[in-house]
Amino acid sequence: MTTISPVTQEIAGSTAPSGTRSVPGRAAVRDRVAGAPISWGVSEVPGWGFQLDADRVLTEMRDLGLAATEFGPDGFLESSPRARAAQLGSYGLQAVGGFLPVLLHDPQHDPLPEINRFIDGCLATGAHVVVLAAFTGVEGYDARPVLDDAGWETLLGNLDAIAERASARGIVAALHPHVGTMVETGPETERVLAGSEIGLCVDTGHLLVGGADPVAMTAAHPERVVHVHLKDVDASLAARVRAGDTTFGEAVREGMFRPLGAGDVDIAGMVRILENSGYDGWYVLEQDVMLGERPAGEGPLADARASLAYLTEVTA
């Protein structure tokens, strides 16, 4: 594995998270590992690829020994919160919450009704995390408009309003910097952290593709991290996306996102930083995958198993 971050040795001491600070009452890392349906190729993006059914995905998550899952896109799980809770419970999985692309920069659009509906669903299923992406208003993640200062002011104000509403209802709101959204790059993420009180979802893959160092950002702002998406990245493919030589979707199809330990992100160092800072949230295995057809063999399960084995090894 190639280490991306030059700050890890200084802050974390080593890339292995042995000797992390024990926090009374905090569950072990292994008990805070959740799955994400997109690791099995299930996505909200039209035309993303072959979509596996919930029974296969949830069965494989259960058999891996994952504790919980994010919801995935609309239509993947049961739509009724009561039915969804029963569905997940039948596989022995908790609900973490889910990913919600929401329009934040349009002064004519109030995102709070949509946020409240999502929170209703979280509370009814025992989930506690709303993972926000600053939706561009256009489907997919291969292009985005430029946000002006007025748009930024609206976006930041909406993030604070959402954070306040979520907290009042007992839910954690986290802004997810994401390729093809209004908050993608390192400077854009820093602008959010400086201009709002929203928590941060560190997605190791999307931050790197957006040109940021996820380990350095985590080290600089550990107190803002409230949720984590773990994926490894082929840095050379990520560089091609940034250069405009390929699209995000094409790069995902080519395997830009890798199992943990098989790419260029210092996952072990980042987890060490978080654990030593007292982080007690979820680590979600989220390797964005596109499937051309139904896998004949194990398919995405093999990568999920490899990621879990790596995370278990470096946090033992």
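User: How is the expected span of a helix worked out?

Analyst: The expected span is 1.5 Å times one less than the number of residues in the helix. This is a predicted model, and helix α4 can serve as the case. The 14 residues of α4, residues 112-125, should therefore span 20 Å, and the end C-alpha atoms are 20 Å apart, which agrees. Helix α12, residues 300-314, has 15 residues and should span 21 Å; its end C-alpha atoms lie 22 Å apart, so this helix agrees as well.

User: Which residues of α4 are buried, and what do they pack against?

Analyst: Buried here means under 20% relative accessible area. In α4 the buried residues are L112, I115, N116, F118, I119, G121, C122 and T125. They pack against α3 (81-90), β3 (94-103), β4 and α5. After α4 comes G126, with a positive phi near 80°.

User: Which residues of α12 are buried, and what covers them?

Analyst: P300, L301, A304, S307, L308, Y310, L311 and V314 are the buried residues of α12. Their cover includes the strands β1, β7 (225-230) and β10, together with the helices α2 (54-64) and α11 (267-276).

User: How should I read the pairing of strands?

Analyst: Strands of a sheet pair through backbone hydrogen bonds, and the pairing is either parallel or antiparallel. In this model, eight strands form a closed barrel in the order β1-β2-β3-β4-β5-β6-β7-β10, with parallel pairing. From one strand to the next, the twist averages 30°.

User: How many bridges join β1 to β10?

Analyst: Three bridges join β1 (residues 33-35) to β10 (residues 283-285), and the two strands run parallel. V33 stands opposite Y283 of β10.

User: What are the pairings of β3 with β2 and with β4?

Analyst: With β2 (residues 68-70), β3 pairs in the parallel sense over three bridges; E70 is opposite G97 in β3. Seven bridges join β3 to β4, again with the strands running parallel. One pair of bridge partners there is P101 and A133, the latter in β4. As for cover, eight of the ten residues of β3 are buried.

User: Where does helix α5 lie relative to the strands?

Analyst: Helix α5 (residues 149-168) lies across β4 (129-135) and β5 (172-175), and runs at about 155° to β5.

User: Take one residue, V228. Is it buried or exposed, and which residues does it contact?

Analyst: V228 sits in strand β7. Its relative accessible area is 0%, so V228 is buried. Leaving aside neighbours within four places in sequence, V228 is in contact with V202, M270, L274, Y279, W282, Y283 and V284. The C-alpha atoms of V228 and L200 are separated by 8.4 Å, though the two residues are 28 apart along the chain.

User: What does the radius of gyration say about the whole chain?

Analyst: The idea is to set the computed value against that of a compact globule with the same number of residues. For 316 residues such a globule would be near 20 Å, and the chain has 18 Å, which agrees. The C-alpha atoms fill a box of roughly 50 × 45 × 45 Å along the principal axes. Buried residues make up 57% of the chain. Of the contacts between residues at least 6 apart in sequence, 82% join residues at least 24 apart.

User: What are the accessible surface and the count of helices and strands?

Analyst: The accessible surface comes to about 12,600 Å², 50% of it belonging to carbon and sulfur atoms. The chain has twelve helices and ten strands.

Technical notes
Residues are numbered from 1 along each chain as its sequence is written. This is a predicted model: local features need pLDDT of at least 70, side-chain atom pairs count only at pLDDT 80 or more; totals for chains, interfaces and linings use all residues. Side-chain values use heavy atoms; hydrogens and water are left out. Two strands pair if DSSP finds at least two bridges between them. Helices (H or I, at least four residues) and strands (E, at least two) are DSSP runs, numbered from the N terminus. Axes are lines fitted to C-alpha atoms, for helices over the stretch in contact, and angles run from 0 to 180 degrees between N-to-C directions. Contact means heavy atoms within 4.5 Å. The radius of gyration is taken over C-alpha atoms; the globule rule is 2.2 Å times the number of residues to the power 0.38. Buried means under 20% relative accessible area, exposed over 50%, partly exposed in between (1.4 Å probe, protein chains only). Accessible areas come from the Shrake-Rupley method with a 1.4 Å probe; for residues, only the protein chains shown count as cover.
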